[in-house]
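Welcome! Have a look at the sequence and the 3D view below, and then we will walk through some of the features together.

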Amino acid sequence: MIFAIEEMNQNPAFLPNLGYKIYNSCGMTNIIKSALDLANGQREIIDERNCTNAATAHAILGHSGSAPTMGFARIMGRFQIPVISHFATCACLSNREEFPSFFRTIPSDLHQSRALARLVKYFGWTWLGAISNKNDYGVNGMASFIQAAQEEGVCIEYYQAFDQTGPLHDLNKVVETVKYSTSKVIVAFMSHREVNVLATELYRQNITGLQLVGSDAWITDQSLTDSEGRSILVGSLGFVVSKAQIPGLEDHLRKIHPSQFPDSQFVRDFWEDVFNCALNNSSNTQNKKPCSGFESLQNVESYFTDVSELRFTNNVYKSVYAVAHALHNLVTCEEGRGPFYNGSCADTKLIQPWQVLHYLQNIDFTTSQGERVTFDQNGDSPAKYELINLQHVTSGTIHFDTVGVFDASLPRERQFKMNGMKIVWEGGSHTVPVSVCSDICNPGKRKVFQKGKPVCCYDCIPCAEGEISNITDSMECFKCPIDYWPNTRGDTCILKEIEFLSYEEIMGIILTLFCLMGAILTTLIALVFFHFRETPIVRANNSELSFLLLFSLTLCFLCSLTFIGRPSEWSCMLRHTAFGITFVLCISCVLGKTIVVLMAFRATLPGSNVMKWFGPAQQRLTVLGFTIIQVIICILWLTINPPFPFENMNHYKDKIILECALGSAVGFWAVLGYIGLLAVLCFVLAFLARKLPDHFNEAKFITFSMLIFCAVWITFIPAYVSSPGKFTVAVEIFAILASSYGLLFCIYIPKCVVILLRPEQNTKKHVIAKTKETQY
């Protein structure tokens, strides 16, 4: 303070002759007495120019503690005398109704509390212990921190308070609470005296593994190096006001000698300690050489002359300059443009404290170090902190590094920033400690709070089926869109798998091969029949219907291919109608052959001319008529409500079945029912003709083929209804192939065996001989 005043008095840009009076008062009683003395100053004659001291002080700098400051700031507020503190941080001092003349060049604890809350949240510490001293500084500071922490989603496991001078059982209660708690991070809002006592007791009881987070009242205090429990403090984190450089201060300190302060016991003790000597009139002369008082501090290295960590000292420097700027603005006021009634200015010969208070409230300047000094409506300064990490604490030395900054003037997302410097954690560890009530809930799960416990204590349960959570510690799970489904971790919605019977998959390839094999085999048989069309066995079995049946079987095999592949509007209409029409054509041909067998047998009886009623023309008309009926059914189906592609999301929750919806179920079952009706009729007629003469034994094969056909389609119905997804299509293709192969093998393979392997039986004589033999 003296250095700043002398520096300002030497600056011609400011008003000269700033004066001061220092009250070195310890204890609340002396502080209040000093405040009353300053408020009731006496007028004294200085020299012949009638220059006088002010009746009262224009401004008061101090105190460093919040509790003492509150005591005399109330008194000064009644006299409207400005009080500027460099270290009183209690948020309660921002109450303008209670402390109308209070200012400070250190940020309020309200900002520090919020910064500490942001700090613990940044490192993921959501389960904390909180300890403070019992005065206004500790209680109010911790209350602000707890509120800010709760806003950040941080929980306080316990809060304890004690005083260094309080009863011992208070300290024991705090230590017992810490010992049996589950939180590993403690926020300590107290002075260095309480921290010293607490660390010592924790050390004595071997309570380790604790990460301390401290307030600016102790985090950089050099006296902690004398603590027995200083090892407990290694790794501590805390915010402190930014350091600054004050040019010229070190030279000023090194020029001090006791003659400048003959009544200062502090200077006397300091001098004797630094030079290990005894000043004149000193009571501590035993075993010490005498001091002249003119020794030099120029080459002495001590904490007193070290200006590398000017933090709170810089706040004193700014306080002096703030008062000086206010007085300068008051003195240089132009009459008529002043801030008081009718633009008047203050009387410079009789300056009133309330006038200084007005100017002080409105100062706004920048120091030579580039730091802005201003006060808000509550007398508070802008909040800017450095995050300190105590990396090494031993007897006599304390080493800390700045690992981050907090600037409350910036937008919230940019206020807190780490600088990337390596942090030493509790006990010298290099691993970030963990302090949570419950482990985080990973994406794919949600939190369920535990009954009767704080919100930081919860269980993690997986999201319900069809829901996801894509952030950690999610409170809710969200349903995926209808065409999406959660992945296995439950943290992302992915497109549902679209299922249909594809040509690329094994089942589709196998069915395609069987379809093509059937079509090729049928074509080969047709070529064999065509080549041997003039032979008796081909002529005897109605070659025209045989070729038509082979053609329809080829279509049956090929229509199976329309069921494979991605369903489209055309493929859905084609697959069912083509299947229905080709199968009716096939069954119609078989039915015609069966009727021909029966009619031929009747025609061999004496006097029968039935064959003239069922000649080739009638056979063609029969096949055509039966087929046209199915064509009409299909046309009606396609006209009224045709099949269409459909995304079935009901059968599987994690898949979309791409299938052909039937459109009109009546149309589908009418097509199948008509095929079934013809098959049953064919089976009955073939069964009646099964014992006809041998060369007409085609009826036996038709009977057997119809038996296979009916068995396949009867079993198809329950299989079709119960098969899921693409297997429904596979069952339908299998039924088509099985019935088609049944007809092909039962009707044509025996004839091909005779034609190709037993040509001696493929003669008219052989057929007639067998006929006669069978007529007996």
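## A residue in a loop

D347 is partly exposed, because its relative accessible area is 43%, and partly exposed covers values between the buried limit of 20% and the exposed limit of 50%. Keep in mind as you read that this is a predicted model. To find D347 on screen, look in the loop between α11 and α12.

Now try locating V331 as well. D347 and V331 are 16 residues apart in sequence, and their C-alpha atoms are 8.3 Å apart in space.

## Two helix pairs

The helices on either side of that loop pack against each other. Helix α11 covers residues 312-331 and helix α12 covers residues 353-361; their axes are 8 Å apart, at an angle of about 110°. That angle makes α11 roughly perpendicular to α12, since the range for this description is 65 to 115 degrees. On the α11 side, the residues taking part are A322, V323, A326, L327, N329 and L330, and they meet Q355, V356, Y359 and L360 of α12.

A second pair is formed by α4 (residues 109-122) and α5 (residues 136-151), whose axes come within 8 Å and cross at roughly 45°. α4 and α5 are therefore oblique to each other. The crossing of α4 past α5 is right-handed. From α4, the contact uses D109, L110, S113, R114, L116 and A117, while α5 brings Y137, G141, S144, F145, A148 and A149.

## Two open sheets

Next, the strands. One open sheet has 8 strands with mixed pairing, in the order β5-β4-β6-β7-β8-β13-β14-β15. Which strands stand at the edges? They are β5 (155-161) and β15 (416-418); each has a single partner strand, so one side of each is left without a neighbour in the sheet. On average, neighbouring strands here are turned by 30° against each other, direction ignored. Within this sheet, strand β6 (residues 185-189) and strand β7 (residues 211-214) run parallel and are joined by 4 bridges. V187 stands opposite V213 in β7.

Another open sheet has 3 strands in the order β22-β24-β23, also with mixed pairing. Its edge strands, β22 (497-499) and β23 (644-648), each pair on one side only. The average turn between neighbouring strands of this sheet is 25°, direction ignored. β23 and strand β24 (residues 655-661) run antiparallel, with 5 bridges between them. Look for F646, which stands opposite E659 in β24.

## The nonpolar cores

In soluble globular proteins, nonpolar side chains tend to be buried together. The largest nonpolar core in this model has 71 residues, and those with the most contacts inside it are F579, F709, W713, I733, L743 and Y748. Helices that each supply at least two residues include α14 (506-531), α17 (569-603), α20 (698-722) and α21 (726-757). Which helix gives the largest share of this core? That is α21, with 16 residues.

F579 makes a good starting point for exploring this core. Leaving aside neighbours within four places in sequence, F579 is in contact with C559, F563, L574, L672, I675, W713 and I736. Apart from this core lies another one, of 37 residues, among them M8, C333, A346 and V373.

How values were computed: Residues are numbered from 1 along each chain as its sequence is written. This is a predicted model: local features need pLDDT of at least 70, side-chain atom pairs count only at pLDDT 80 or more; totals for chains, interfaces and linings use all residues. Side-chain values use heavy atoms; hydrogens and water are left out. A nonpolar core is a set of buried Ala, Val, Leu, Ile, Met, Phe, Trp, Tyr and Cys residues joined through side-chain atoms within 4.5 Å. Buried means under 20% relative accessible area, exposed over 50%, partly exposed in between (1.4 Å probe, protein chains only). Contact means heavy atoms within 4.5 Å. Two strands pair if DSSP finds at least two bridges between them. Axes are lines fitted to C-alpha atoms, for helices over the stretch in contact, and angles run from 0 to 180 degrees between N-to-C directions. Angles under 35 degrees count as roughly parallel, over 145 as roughly antiparallel, 65 to 115 as roughly perpendicular and the rest as oblique. A crossing is left-handed if the near helix is turned anticlockwise from the far one by less than a right angle, and right-handed if clockwise.
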